[in-house]
Each structure stands twice: as structure tokens, then as C-alpha cells.
Amino acid sequence: FREAFCLSPFESPPVRESGTVDRLSVDHPSSRFAMLGRLWILTLAVVAGLETRVSAGSFSAVRRSSVGQTLMGRRCSRRPFCDGVPNCNATRYAGVLLRCDEKFVQIREFYGADTPQMIAEATKLLSNSRGEKGAGKSGADFIRSPDGRYLLKTMSRRDFNSMKTTSSAYHKHVIRFGNTTMLVRVYAVIHFINGKKWMVMNNWLPIDFGRIYDLKGSLSGRRSKYYKRVQKDNNWLDHPEDHPTVPKEVYDQFVNQTKADTRALRKSALIDYSLVYGRERYVLQRCQPGQCKAPVCAEGFGCVEAASAVAMTPGDFDSRHWGQVHDHFCDATGTPKEHVGHACVATMWGTSDFVATVDVYCYGIIDLLKYFRKMATVEWITRGGAFGRSISAQPPASYRSRFIKFMSATFQVPGPGDPQRFLFVPDSRSCQRGAPWSDA
């Protein structure tokens, strides 16, 4: 069976030394069963190859894929069809395994993340490996670290197998675009002896936003109840006041990096990823430098009084603590934090001489582990995606194109009549206070 996968489908039947075809190889019942078995295997490989062709959009992509190279009978010993899923080494720690850690340790070092041991101890994962149910349909459990930096999520068997096959491509992309990528940073995969697996990643939403969005660019079935904290694409279109208006350099960086990140996901035939997004708005009193108790200043705009922060969260949600914004931008010693790579963005703007507005935006791309394979292809066809319906499941190229178009249209730059947005980059004045900015 193993050899049948690795042999080229274009081989000729066995030939005797005399040069005549071996009749036993053709007529014997066991030989016929073997031929039928190889024909069935070839059919499966062709179907998988066509699926890869649909997702990548060209025959050359099929040749480059693992399925295509097996179909052509090349480099079989290195392909998943011959050797099974590529091996992921494991490191033992306190009775658990750290899977694929030779890849993730480099990502942790690049971003200055804590070790899995430190994160597991901070979240009490080893003593209580249960979290809260997420809002998504996957049914995964989540644990958030006390400092808000990390998010732990349970992995299904599909997630785990996808991680093993895509970890190398993911690692190369994150290291290459480490300073700008918006892909979620996977720091570790913790495998318990009972089979439960946790993925340790960064938290793109370190602030407790009153309303957050999970955006895919799809409109079919993408609406949440108005009272839900997690809203979706149709809700997003209903609330244009939540759409970010940012300086042009921030917008250009967002669009360019979205294209680069989704290009990597398309090459790996991954779909169903989302942009998770949160926004908080604060109205603060203007003040002169030297007169503020807790100044927040933006170059070219001036200073505002952080001690008088008032949250103006849209909807019926409670106001969030302004102190969390301080904790994101400043450390406990009053020094501005130097975030490595993509992080939250804050803008300051206003037309009044007395008050100004501070908008805080946090966003990143999550849910990277769904391949466009057989089940996704069936969903795409049966739910009408192949006939133009905007369902979530789409071939990777189509999914990427729709995702970029949706995000590029809803992120905005100030129009001709809009007030200019100034990027808030904290300096020593904005972080001098040892205690977090208060709401009082």
C-alpha cells in the first residue's frame, strides 16, 4: 500500500525477460485486486490534486503541492502521502509535551515572550486545564493570562494536524515579516497526557473592549444578536462609527501587510481566517504642557489630561478602564513600552479648544488552521458558494480577494472635510506616572 502511493501512475505493467507481458500480472485475481486498489488510490490522489488546483488556481500550483508531487511520482519519501504527517518533535515539561517547539522557540525569542512554563504557571494551566467556552462555533475553550498578553485555546484534531503540516511555512513567514505581520503569534503547543492540546498565542485585544468584531468579509449568516459582545460582518456594516479612521501611513501599512499575510495563507491553501478588532473612544480635556496631572501628548497636536478620561463607548456596554490603555503603552516604572511588531494603535483628534478625542484600535488576524479540502469544497458547492453566494467557505484565492476588498473598504483615512488624525506614540511625559492613569 505504501509503495502504491509512491509509484508513478504512468508505470507500465511488469515485463518478462522474454519481452512479453506477464499474463499472471494481468489475469490473476489477486493481481486484478491490486490493480483496482491502485486505481482507487490514484483516484483519491487525483481528487485531492484537483482540490489543490481549485484552491491555488493553476496547474503549476498542483505540481508544487505535496499532492501534486506525489501524483507525478517525485520526492515521495519527503511527502505526507509516503511518510505520514511530517514529524513534529516534542519537548517534555512537567508531564506534558511541547509540540513543534523547535519552531515556536524562535518566535518566542523574537517577540520577547515568556516561556511556556511561565505562561502555564501564570494561567494555572497544569492544575486546572479547563477554560471558558468561546463564542465561536468550534466550541474551543479559552484561557486569558492575568496580564492580558497571552491567550490559550484548545485545539481540535483538525487544528493539530493542520498546525503540524503548516508550521514550517508559518514560521518562515512570521520570522520574515516579524516587525509588521498581523498573523497571530503562536508561542507554543502544549500536549497533555490525556490528549488535550492547548495553543499558546498572543492576545490581539489586551484591552477589555465593550464590543469586538470577528470579520471574515462574508455576509451570509454573519450577524450576531445586538446584545452579544462579539459582533460579525453585517453588524460591522450597521455600525460605521466603529470603523477606524487612521493616518494614511497606518492605513497603507494595514493594507500592504494584509496582502502579504493573506498571500502566505493562500499559498498554504488556508481559509476561514478572521480579523479580530476592538475600538475604544475616550474624550479628554485639553491642557497645556506642564499643567497636566497625567499628560497624553501627540506630536503636532498637543496634550490632553488623561486623569479626566471619559469612555464614550457606543451602545449599551459599560465604559472600560482607561488604565488598561496606560498598561498597554507604558510599563509600571513610567517608561514607554517598546512593542516588537504589530500592536494596538491610538489616534488623537479634535476641533475644540477644550476637549479632544482619543481612539484606541487593536486588531490582528486569527483562526489560521482551516484548509480548503474535501469538506470545505463540499460546503462551498452545497451552500451555493460555487454559484456566487457570499458564504464563508471559498477557495483560498477567492477568500483572500474578498477579505482584502472588505478590509480595505472599511478601514478609512480622513476625508477632505474631516479633522486630521495624529498618531499617539507615548513619550516620557505620557508615561511618567508610576500608577496607571485613573478614570477620576
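# Reading the terms used for this model

Reader: Why is Asp367 called partly exposed?

Author: The relative accessible area of Asp367 in this predicted model is 31%, and since buried means under 20% and exposed over 50%, with partly exposed in between, Asp367 counts as partly exposed. Asp367 lies in the loop between strand S15 (355–366) and strand S16 (370–371), and although Asp367 is not a glycine, its phi is positive, at about 55°.

Reader: What makes Lys124 exposed?

Author: Lys124 has a relative accessible area of 57%, and because exposed means over 50%, Lys124 is placed in that class. Lys124 sits in the loop that runs between helix H8 (116–122) and strand S3 (132–133), and Lys124 too is a residue other than glycine with a positive phi of about 55°.

Reader: How do you know that the buried residues of H7 line one face of the helix?

Author: In helix H7 (residues 101–111) the buried residues are Asp101, Lys103, Phe104, Ile107, Arg108 and Tyr111. Viewed along the axis of H7, these buried residues fall within an arc of 150°, and therefore they line one face of the helix. The spacing can be read in the light of a general rule: an α-helix has 3.6 residues a turn, so residues three or four places apart point the same way. Just after H7 comes Gly112, with a positive phi of about 70°.

Reader: What puts the buried residues of H13 on the same side?

Author: Helix H13 (residues 374–382) has Ala376, Thr377, Glu379 and Trp380 as buried residues. Around the axis they cover an arc of only 160°, which means that they lie on the same side of H13. Met375 and Thr382, on the other side of H13, are exposed, and just after this helix Gly384 takes a positive phi of about 90°.

Reader: How does the reach of helix H14 compare with what is expected?

Author: Helix H14 (residues 396–410) has 15 residues, and from its first C-alpha to its last it reaches 21 Å, which is close to the 21 Å expected at 1.5 Å a residue. The buried residues of H14 include Tyr399, Phe403 and Met407.

Reader: Why is His191 called buried, and what contact does its side chain make?

Author: His191, which belongs to strand S6 (residues 186–191), has a relative accessible area of 12%, and because buried means under 20%, His191 is called buried. The side chain of His191 and that of Arg99 are joined at 3.1 Å, and as a polar contact requires a pair of N or O atoms within 3.5 Å, this pair is counted as one.

Reader: Which side chains make polar contacts with that of Asp208?

Author: The side chain of Asp208 makes a polar contact with the side chain of Arg144 at 3.0 Å and another with the side chain of Gln324 at 2.8 Å. Asp208 is found in the loop between strand S7 (197–202) and strand S8 (212–215), where it has a relative accessible area of 25% and is therefore partly exposed.

Reader: What makes the pair Asp242 and Arg279 a salt bridge?

Author: The closest N and O atoms of Asp242 and Arg279 are 3.7 Å apart, and because a salt bridge needs a side-chain nitrogen of Lys or Arg within 4 Å of a carboxyl oxygen of Asp or Glu, the pair qualifies. Asp242 lies in the loop between H10 and helix H11 (248–267), while Arg279 is in strand S11 (residues 274–287), so the salt bridge ties together parts that are 37 residues apart in sequence. Asp242 is buried at 4% relative accessible area, and Arg279 counts as buried at 6%.

Reader: What parts of the chain does the salt bridge between Asp359 and Arg281 tie together?

Author: The closest N and O atoms of Asp359 and Arg281 are 2.7 Å apart. Asp359 lies in strand S15 and Arg281 in strand S11, so their salt bridge ties together parts that are 78 residues apart in sequence. At 0% relative accessibility Asp359 counts as buried, whereas Arg281, at 22%, is partly exposed. Elsewhere, Arg211, Asp242 and Arg279 are joined into one network by salt bridges that share partners, and a search of the whole structure finds 16 salt bridges.

How values were computed. Residues are numbered from 1 along each chain as its sequence is written. This is a predicted model: local features need pLDDT of at least 70, side-chain atom pairs count only at pLDDT 80 or more; totals for chains, interfaces and linings use all residues. Side-chain values use heavy atoms; hydrogens and water are left out. Helices (H or I, at least four residues) and strands (E, at least two) are DSSP runs, numbered from the N terminus. The expected span of a helix is 1.5 Å times one less than its number of residues. Buried means under 20% relative accessible area, exposed over 50%, partly exposed in between (1.4 Å probe, protein chains only). A polar contact is a pair of N or O atoms within 3.5 Å; within protein, one must be able to donate a hydrogen and the other to accept it, and residues adjacent in sequence count only if both atoms are side-chain atoms. The arc is that of the directions from the helix axis to the C-beta atoms.
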